[in-house]
Each structure stands twice: as structure tokens, then as C-alpha cells.
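Trainee: Could you take one part of this model and walk me through it slowly? I'd like a close look rather than a tour.

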Amino acid sequence: FPVTILEKAGRFLSAFSVCVSFSVATSAGSDDNAGSVISISPADADCFTAVYSAKKIISESIANLPLRLMKREGGMTSQATEHNLYPMLMSEPNPFMTWFTFKETLVNNALTWGNGYARIFRNGAGQPVQLQILENFECTPYYLKQPSGETLYYYVFGQLVEKRDIIHITCIGSNGVIGQSPISIARESIALGIQAQNTMSKFYKGNLKSKAVFSTQGELSDPAYDRLNQSIKDSMRGDKDFFLLENGNSVTTLTMSPQDAETLATRKFQVEEIARMYRIPLHKMGSLDRSTNNNIEQQSDDFKVDCLLPWSEKIEQEFKRKLLLNRDKQSHWFNLDIDYVLRADSVSRSMVYMNRFKTGSITGNMIREREGENRIDNPMCDMPFVGSGDMPLDEAIWKAKQVDNKIAAA
């Protein structure tokens, strides 16, 4: 399409996306096709504590991981401290937020809308110098697939922006380019959870009183009816602890108790639904009914593998695709270190270091660097060890060769 047509379409889509909200039709009855529409916007979904908690757990966990630019040169892997992106990674993505806030907001937008956007600003050499978070209504993708090829543009505030200048983190979608909102997919579960929450709220606002029917043996006069009505209203407001029924009046409750309606069980199940949707262990959302010390450790490992690792891989690959120039993509890559979450667990961290040190896969100075400590200027600290940790790797290899030579000679 001509660019002018795309720009007009982009302005329309940008304006239209501001008004987008998620809605779900709930059935009014088994024999009635009519229904009532409940609007579920992201703000409404966040009022459901299970949704807010799930997004907060994932986004903060990803934001807590250090973002590093790595390089491989001459068979050695190290941080690319000389790269032009290194100063920005070591400072801030833009003057208005830290890297923690940037990563947290980017992932949170993706978890909410299905798409997280950030605009890349470049210098005259095409090198990224600043990243700007874009809200969902500020950036609209236009994706066109034809037999002759594919076309993808982004519209930021109604202006055409090339795809290489937009970082786009997505949830799973049908075309692999534009993600689908988890809130839109789970709108019925979220709506049911909010309805159960509102039901309990109304119940407690009524001072735990249910709706009732009043019966009388005869017809009430207007003054008697007004007194009874006022007495009931005063009691419901909490002005009185009781009200008097005159002329043989009696009261019978109509509604079921919360226990009979299983409102609490419904709310608990909806929390499990949200945890299932975002792949979060229940103990991280405050549900410890089925948790023990042993399975919590296993669930935390599952959380890293099933939830954090896919998100970190998405961010690493998208940053490499958009922030690195073609000449650097073969030797440089971004790394969000999942093992960084072990820094709060000194026992597990020390065991990992010990096992790797005994197998010669890490040196003393490498451990010190990961712990943020200064290197020791001693050749032994840069030498890999094996066995019990007291034999240099070179010596072990030499002894192994001597044994092989003796066997061959025999």
C-alpha cells in the first residue's frame, strides 16, 4: 500500500485503540439468550488482586535480572564493555526511568495487553542511544500477510515508524507478530472472580444481613408500614441493634448464606485460574494449602523454568534483533541471568559454585566476579581445578595422558 494510505490507517487505528476495552457477555438464564455485558478493562482486571499479584510477580522477577551485553572473541566469552551500548546499559534507558522500571513496565504491558512496546531512538550512525516505553494506545502495529510477502509497520502517535525502531514483546498470538491479551482470553474467569468479590463486599456492607420477606396477620395501616420500614432501614444502617415487629409480623430470609453459595470456594478457585493462566505457583500468590518446604523449592524451580526463562528468552532475542547492528549479531548477544535470583539463597549458590569448581568449569576469580568482588592477582585463581578442588586441570590432564601411555605400552 502507499505510505499515505498506511499513515491514514495508522491514525485511525491509534485513535480507535484508545477506546478499546475487553468485555464478556454473561448468560442471564439457561432459557434466555439475552445477557448482560460486563466491561473488563485492564484497570478493572487489576482490581482483582489475583491478576495484579500475578503480573507484579512476573514483571518484578524479570526486572530484577541483570541485563548484560556479552561477546565471544577468540573462544573467550566476556562482557562487551567497549561496545557503544554498554554506557546506556550501565546507566539508564532514558532520563525518566531506571532499567528496573523499564523492564518491569515492558513486561507488565505485555502481560496486560498481550503486547509491550518501546521505541528506539538512534544517533546519526544508527546506534541506539535511548529507549522509550510506549503504552498500548500510543503504538499500533499494522501487519499484512500476502502471498508475495509480509509487511509490518508501527504507528506511534499516528506517525509511521519502521519495525527496527520498535521493541515488541508479545504474549502468544495466532500470527507470531501481534500478541493476544491474557486478560481478553481469561475475561470470563476474571469477571467471575470480580463478581464473587463484589458479592462478598455487598454482603458485608449489609452488616452480614440477608434479604428477607416480612409477613403479617392482617393489613398494615400506612403509619404502621412507615414505622416498620423506617425501623428496618435504621437497623440496616447500623443505627439500631434490633427492630420491633408489631401486630404479629414475622420475618423469613430469602437468600442463601455465603457458605451455601460457596462464594469463598469460588473466589479461591478463581485465584487458581489466574495462577494457571500466568504459570505461577500458588504459594507465590499466598495460597499455602498444598505447599510444604520440599515442594515449594521444586515449585520455585518450575517457576524459573516455565515462566521466567521464556520471558527472559523473548527479551534477549528481541533486544539482539533490534538493538544490535548486523555486523555485531554474530559475536554479541544479550543475557538476562536467571541464576541471579539465587543471590538471596547463599546455600544453593555456594553449592553451585562448589560443584562447578570441582569439575574445572569455573575458576576462583570467575566466582569472585559473579559475587561482585575484586579479582585476586594470582595465577592460581585463574586456573581451573578438578577432583577435590586441589588439583589443577592441566596437571590432571597430564596424569591422564601418562596413564593412557602406560596402557598403550602394555
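What joins S7 to S8, and through how many residues?

Mentor: A hairpin does the job, with 2 residues linking S7 to S8. Before we go further, keep in mind that this is a predicted model. The protein chain has a mean pLDDT of 78, and 74% of its residues reach 70 or more.

Now the pairing itself. S7 and S8 run antiparallel and are held by 8 bridges, with S8 covering residues 149-156. You can follow the register from both ends. Cysteine 139 sits opposite valine 156 in S8, while glutamine 146 has glycine 149 of S8 as its bridge partner.

S8 also pairs with S9, again in the antiparallel sense, this time over 3 bridges. One of the partnerships to look for is tyrosine 155 with leucine 160 in S9. Here too there's a hairpin with 2 residues between the strands, and phenylalanine 157 in that hairpin takes a positive phi near 55°.

Put those together and you have an open sheet of 3 strands, ordered S7-S8-S9, with antiparallel pairing. Its edge strands are S7 (139-146) and S9 (159-161), each pairing on one side only. On average, neighbouring strands in this sheet are turned by 30° against each other, ignoring direction.

Next, look at the aromatic side chains, including one on S8. Searching the whole structure turns up 4 aromatic pairs. One of them is tryptophan 99 with phenylalanine 102: the ring centres are 5.5 Å apart and the planes stand at 80°, so this pair is edge-to-face. Those two residues are 3 apart in helix H5 (residues 99-113), which puts about one helical turn between them. Tryptophan 99 and phenylalanine 102 are both buried.

The pair that brings us back to our sheet is tyrosine 117 with tyrosine 154, also edge-to-face, at 6.2 Å centre to centre and 70° between the planes. This pair links distant parts of the chain, since tyrosine 117 belongs to strand S5 (residues 115-122) and tyrosine 154 to strand S8, 37 residues apart. Is each ring's residue buried or exposed? Tyrosine 117 has a relative accessible area of 2%, so it is buried. Tyrosine 154 is buried as well, because its relative accessibility is 2%, under the 20% cut-off.

For a comparison, try the sheet ordered S4-S3-S13, which is also open, with 3 strands in antiparallel pairing. There the edge strands are S4 and S13 (332-336), each pairing on one side only. Neighbouring strands in that sheet are turned by 35° against each other on average, direction ignored. Strand S3 (residues 67-73) is joined to strand S4 (residues 76-79) by 4 bridges, and the two run antiparallel. Among the partners, lysine 71 goes with serine 78 of S4, and methionine 70 with glutamine 79 of S4. S3 and S4 form a hairpin with 2 residues between them, and glycine 74 in the turn has a positive phi of about 60°.

One last caution, away from these strands. Over residues 11-37 the pLDDT stays under 50, although the model has 42 contacts beyond four places in sequence for them. Where pLDDT is low, the predicted coordinates shouldn't be read in detail.

Notes
Residues numbered from 1 in each chain as written. Heavy atoms only, no water. Pairing = 2+ DSSP bridges. Axes fitted to C-alpha atoms, helices over the stretch in contact; angles between N-to-C directions. pLDDT = per-residue confidence, 0-100. Contact = heavy atoms within 4.5 Å. Phe/Tyr/Trp six-rings, centres within 6.5 Å; stacked < 30°, edge-to-face > 60°. Buried < 20%, exposed > 50% of the residue type's maximum accessible area, 1.4 Å probe, protein only.
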